[in-house]
Amino acid sequence: MVMEGAFKTFKEICEDPYRSVPSKKVIGLTPTDIPEELIHASGLLPFWIMGTTAPIKRVTALIPDNACSFARSSLELVLEYQRDFFDGFVISQVDDTTQHMSDLWERRFRDRFFHKFLAPRQLSRPSARFWFEKELYYLKKALEGFTGKTIEENELWESIKLFNEDKKWLLKLYDIKKRSPDLVSNRTFFEAVKASLLMEKEEHLNVLRKVIDELETSQRTNGQGEWIPVVLCGLFVEPFEIFDLLDEYRLNVVGDNLIVGSRYIYGICKEADNPLQALTDRHFSRPNLSPVHDDPFKIIKDVTSLFYQSGAKGVIYLHIQYCESQEFDLPDLRRYLREEGIPLLIITTDFQTKHVGLLRTRIEAFRELLGKA
Ligand code: SF4
């Protein structure tokens, strides 16, 4: 694959995010929508926790087998495998699963900084904005208590600008990838996004700028050729080998609503007014997320408009096994897309999956179906 070498840093980070000791104190945070700029402005490193494929040992006794693998494997990761990597945690409570998980988590890390971030789920309620502002305030105060240092407005702006800049470059990369999937594969692009959540933002931005400059100066152009445009929906794509299958069958992701994808990179704050206000506005402008029950039809509207606006030929939906929120969304989404005549492939996976061979036939068949359309 062209340019693969330039993206090596991101690949290595994704494969082993814990290999180097960060220079700052590390705050592990769980997806999604925690305003990580506040953590960065405190002089700490926000570091996303996204499960493990390593065996579940300790969590078997804590969380039932039919809870989602995100919760089970994330808690396992910090209890069994990376306990000493983190100096503290900010845990996002988006549903019952994350609520129970965070209680268990907190009790086992009494010696660390611990904060629960409870964003409102029904965003259309008049009280939701007030609630979110309070949550921001509580997070800010908790971080200040931990570091012993006030987060000044200019420091928060600096962090917001840095994170915005990184996202703008990721959007540039997405644009190149959509136009030239032979230059930047699905896997390469989504690794660049994931790495952004697992390393110092300044370093990520430096590497990203270099690779994009290189891509642009190489002036290599590459059409979509045999690639078929698709939209990728859901929460997470795990394991990342799924992207290899999409690359192999030349299905080019031209739109998505993933947490480690567009939901993150389009989350650019407006650089005006008050920084806390900017973080609040950003939260309320985000697209649908399964656990957030704002409007039950929003998921359908978001997915169909993504499909039509991106020029995709089909939708691939990644369903995390036992994700209660997605299981509420899926029946309506499936029925609506069928009625609209939009081809849909649902892939059920989990954070513990290591082999994706069983998906090969289904992805190949979907590719053939889209090729005939
Ligand atoms: S939203 Fe789904 S995947 Fe995420 S914690 Fe809840 S049940 Fe698990």
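Begin by selecting Asp33, which is buried, since its relative accessible area is 8% and burial here means a value under 20%. This is a predicted model, and the tour keeps to what can be found in it by selecting one residue or helix after another.

**The loop after strand 1**

Asp33 sits in the loop between strand 1 and helix 2, and its phi is near 70°, a positive value in a residue other than glycine. In that loop, which runs between strand 1 (26-29) and helix 2 (36-41), you can also select Thr32. Show the backbone from Pro31 to Thr32, and you will find a peptide bond that is cis, with omega near 15°.

**Around helix 9**

Now select Pro239, which lies in the loop between strand 5 (228-234) and helix 9 (241-248). The peptide bond that leads from Glu238 into Pro239 is cis, with omega near 0°. Move on to Arg250, in the loop between helix 9 and strand 6 (251-256), where phi is positive at about 50° although the residue is not a glycine. Is Arg250 buried or partly exposed? With a relative accessibility of 27%, Arg250 counts as partly exposed.

**Helix 6 and its two partners**

Colour helix 6 (residues 153-179) and helix 8 (residues 201-218), whose axes come within 10 Å and cross at roughly 30°. That angle makes helix 6 roughly parallel to helix 8, because angles under 35 degrees are counted in that way. The crossing of helix 6 past helix 8 is left-handed. If you show side chains where the two helices meet, the residues from helix 6 include Leu162, Phe163, Trp169 and Ile176, while those from helix 8 include His204, Leu205, Leu208 and Ile212. By class, this contact has 10 nonpolar, 1 polar and 8 charged residues.

Keep helix 6 in view and add helix 7 (residues 186-196), which packs against helix 6 at an angle of about 175°, with the axes 10 Å apart. Helix 6 and helix 7 are therefore roughly antiparallel to each other. Asp166, Leu170, Leu173, Tyr174 and Lys177 of helix 6 meet residues of helix 7, among them Phe189, Phe190 and Val193. The contact of helix 6 with helix 7 has 7 nonpolar, 2 polar and 2 charged residues.

**From Ser69 to Gln326**

Next select Ser69, which belongs to helix 3 (residues 69-81) and counts as buried at 8% relative accessibility. A polar atom of the Ser69 side chain lies 2.9 Å from the backbone nitrogen of Phe351. Apart from neighbours within four places in sequence, Ser69 is in contact with Ser74, Ile320, Gln321, Asp350 and Phe351.

Follow that list to Gln321, in the loop between strand 7 (314-320) and helix 13, which counts as partly exposed at 32% relative accessibility. Leaving out residues up to four places away in sequence, Gln321 touches Cys68, Ser69, Glu327, Thr348, Thr349 and Asp350. If you draw a distance from the C-alpha atom of Gln321 to that of Leu245, 76 residues apart along the chain, it should read 19 Å.

Finish at Gln326 in helix 13 (residues 324-340), which is buried, with a relative accessible area of 0%. Which backbone nitrogen lies 2.8 Å from a polar atom of the side chain of Gln326? The backbone nitrogen belongs to Ile320. Beyond residues up to four places away in sequence, Gln326 touches several others, including Gly234, Leu235, Ser290 and Tyr317.

Technical notes. Residues numbered from 1 in each chain as written. Predicted model: local features only at pLDDT ≥ 70, side-chain atom pairs only at ≥ 80, totals over all residues. Heavy atoms only, no water. Axes fitted to C-alpha atoms, helices over the stretch in contact; angles between N-to-C directions. Helix = DSSP H or I, 4+ residues; strand = E, 2+ residues; numbered from the N terminus. Parallel < 35°, antiparallel > 145°, perpendicular 65-115°, else oblique. Left-handed = near helix turned anticlockwise from the far one by under 90°. Contact = heavy atoms within 4.5 Å. Nonpolar A, V, L, I, M, F, W, Y, C, P; charged D, E, K, R; others polar. Buried < 20%, exposed > 50% of the residue type's maximum accessible area, 1.4 Å probe, protein only. Polar contact = N/O pair within 3.5 Å; in protein donor to acceptor, adjacent residues only side chain to side chain.
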